[in-house]
Amino acid sequence: MADPITEVAQQHPAPDGVIYQYGTAGFRTKAEVLDSVLTRVGLIAALRSRALKGKWVGVMITASHNPPEDNGVKLVEPMGNMLQEEWEVLSTKMANQPAGEVFKYYKELATANRIDLNSPARVVVARDTRASGARLLGCLQDGLKAAGAESKDYGFLTTPQLHYMVRCLNTEGTKDSYGTPTEQGYYEKFGVAFKNALRGKKPSGSLTVDGANGVGGPKLTELIKYLPPKEEGLEIFVVNDNVIKPESLNVDCGADYVKTNQRAPPTSKTGPGDRCCSLDGDADRVVYYFKDTNNVFRLLDGDRIATLVASFLGDLVRQSGLADSVTIGVVQTAYANGAATNYVQQHLKLKVDCTPTGVKYLHHAAEKLDVGVYFEANGHGTVIFSHDTLETIATHEPKSPGQKEALDVLRACINLINQAVGDALSDFLLVEVVLAHKNWGPQEWLSTYTDLPNRLLKVVVNDRKIFQTTDAERRLVKPEGVQQQIDKEVQKVRQGRSFARASGTEDAVRVYAEAATKAEAEDLARKVAEIVKVAGSK
Ligand SMILES: CC(=O)N[C@H]1[C@@H](OP(=O)(O)O)O[C@H](CO)[C@@H](O)[C@@H]1O
Ligand SMILES: [Mg+2]
């Protein structure tokens, strides 16, 4: 009889000709070709946990904002971070082994990483609401069982909730305990923090939250039960929360729809000045929007959340008397609007770092700061505080009632922020706290600066890998000469900026352009796309 690992690998064979890659967001593709990947991810998760002396690692089954027929899987490190890059490579290799080689490769990995295959392995799993999730969970569990891992299945969770569980399980009973590793524990923690951070301030009006017909909707409905009643706190309406029909997931709704189309979901019925926000399919991403008094759609994206939060935290740090000991920085990608970067540097007087696209790069850069506010323009992001900074804030003695007040709000905000990973639910609660304290509606928030008109295009080329970048993806080094052509076009428009990079999640090159006017931005984007197209067809 074959060993159990070969047996499960053969039970869930990979279809011919498909090559898998652990990319920016884990493995992600059509759900129908993912069975073998899930089984092997089970094996990798067991190995990763064993390599970390039996700490809990997480596996999330989701394809985020992708269409309903897709699915995917990503691994979570013990503190709730994304998988280490070296293990992304090993996961990719494991996913592409022929079934007959899987056990051999598994043992090779164990030897190379000095893993004792008889030591304990602990894996937490959860999934979003996609129809294929149950089948894929079965494939994952087969892999975990074959590897002899202990597993905990939380059923349906948002991606950030799963990250939270992993961090809680690994810190339980220690002085760094992150919370109770249950859904109720999550709601209680964020519910209490929201109330404390508001400190009696009541957000004006209501907030309509679009759940993208994904897992975020029902989880938010649950969370609302732990928030202050609407008379004292925030009135929240949850829309697009139909998870009974998984084929409606991300269809004409959700954060990606809103950001890409720069419009509200067609089902939106809110009036001028009403705040709305949209989550994505696994609720790790959020964007705000509203209609202005002229009924014009206005987007408040990740850049706006970052600037709002950075300015508020900066005020709190100053008002608490901590300005000399705590510095705040903002981390963005090249997709951040130039006006947002300018506002942070010139107006907020804070440092801005730029990293390549993908949350893990932003997170790593933010980890180097006392307080790192990081957001992608599309709404992924959070704030992280260094260990020393948390200590400083926790032990600081306020010298006046004003300092005490600010310090209390700052401490509550720290609890309200999901520091394991960007969390749409925690992020929007934080935004609401800031708006309530500033006594701002969406219009005041929008008025802080004016976005430069911009355009994002996708160009399909023969081989996107030939487009190689430097300087946080802002300049092309290959194909040779292409960057010079782009520079030439950029110089022709006012306040021009443009760059091209290969997408990490789609088979295309993305072109971004911004300029002083809409016409110039559009024109620049078209010209750069043409340059890329020509270079990519050689
Ligand atoms: C321009 C853009 O929005 N890019 C997205 C997209 O990456 P690409 O590498 O651009 O395909 O998907 C990533 C994963 O969800 C996300 O982190 C990133 O921000
Ligand atoms: Mg997502």
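1. In this predicted model, Cys277 has Tyr288 in β9 as its bridge partner. The two strands concerned, β8 (residues 275-279) and β9 (residues 286-291), run antiparallel and are joined by four bridges. As general background, strands of a sheet pair through backbone hydrogen bonds, either parallel or antiparallel.

2. The sheet to which β8 and β9 belong is open and has five strands, in the order β7-β6-β8-β9-β10, with mixed pairing. The edges are taken by β7 and β10 (297-300), each of which has a single partner strand, so one side of each is left without a neighbour in the sheet. From one strand to the next the twist averages 25°. Helix α15 (residues 424-438) lies across β6 (206-210), β8 and β9, and its direction runs at about 45° to that of β9.

3. Another open sheet consists of four strands in the order β12-β11-β13-β14, and here too the pairing is mixed. Because β12 (351-355) and β14 (381-385) stand at the edges with a single partner strand each, one side of each has no neighbour in the sheet. The twist of this sheet averages 20° from one strand to the next. Within the sheet, strand β11 (residues 328-333) runs parallel to β12 and is joined to β12 by five bridges, and Gly329 stands opposite Lys351 in β12. Helix α12 packs on this sheet, touching β11, β12, β13 (371-375) and β14, and the direction of α12 makes about 165° with that of β13.

4. Is His363, which lies in helix α12 (residues 359-367), buried or exposed? His363 has 23 other C-beta atoms within 10 Å, and since the cut-off for a buried residue is 20 or more, His363 counts as buried. Leaving aside residues up to four places away in sequence, His363 touches Asn81 and Tyr374. His363 and Thr341, by comparison, are 22 residues apart in sequence, with 18 Å between their C-alpha atoms.

5. Strand β16 (residues 468-470) pairs with β17 in the antiparallel sense over three bridges, and Thr470 stands opposite Arg475 in β17. These two strands form a hairpin with four residues between them, and in the turn Asp471 has a positive phi of about 55°. On the other side of β17 (475-478), in the loop that leads to α17 (482-491), lies Pro479. The peptide bond that joins Lys478 and Pro479 is cis, with an omega of about -5°.

6. Two further backbone positions deserve a look when the model is inspected. Ser64 is not a glycine and yet has a positive phi of about 50°; this residue is found in the loop between β2 (56-61) and β3 (70-76), and Ser64 counts as buried because 28 C-beta neighbours lie inside 10 Å. Asn250, also not a glycine, has a positive phi of about 60° and is placed in the loop between β7 (235-239) and α9 (254-261). With 22 C-beta neighbours inside 10 Å, Asn250 is likewise counted as buried.

7. How is the chain divided into domains? The domain assignment gives domain 1 (4-156), domain 2 (185-300), domain 3 (302-446) and domain 4 (454-536). The centres of domain 3 and domain 4, taken over C-alpha atoms, are separated by 30 Å. Nine residues from domain 3 and 10 residues from domain 4 take part in the contact between them. On the side of domain 3 that touches domain 4, four residues are nonpolar, five are polar and no residue is charged.

8. Which residues come nearest to ligand 1? Of the 15 residues around ligand 1, these are Ala25, Asn378, Ser503, Gly504 and Thr505. Sorted by class, the shell around ligand 1 has nine polar residues, three nonpolar residues and three charged residues.

Conventions:
Residues are numbered from 1 along each chain as its sequence is written. Chains are lettered from A and ligands numbered from 1 in the order in which they are written. This is a predicted model: local features need pLDDT of at least 70, side-chain atom pairs count only at pLDDT 80 or more; totals for chains, interfaces and linings use all residues. A residue is near a molecule or strand if its C-beta atom, placed from the backbone, lies within 6 Å of it. Ala, Val, Leu, Ile, Met, Phe, Trp, Tyr, Cys and Pro count as nonpolar, Asp, Glu, Lys and Arg as charged, and the others, Gly among them, as polar. A residue is buried if 20 or more other C-beta atoms lie within 10 Å of its own, exposed if 12 or fewer, and partly exposed in between; C-beta atoms are placed from the backbone. Two residues are in contact if their C-beta atoms, placed from the backbone, lie within 7 Å. Domain bounds come from an automatic or database domain assignment. Two strands pair if DSSP finds at least two bridges between them. Axes are lines fitted to C-alpha atoms, for helices over the stretch in contact, and angles run from 0 to 180 degrees between N-to-C directions.
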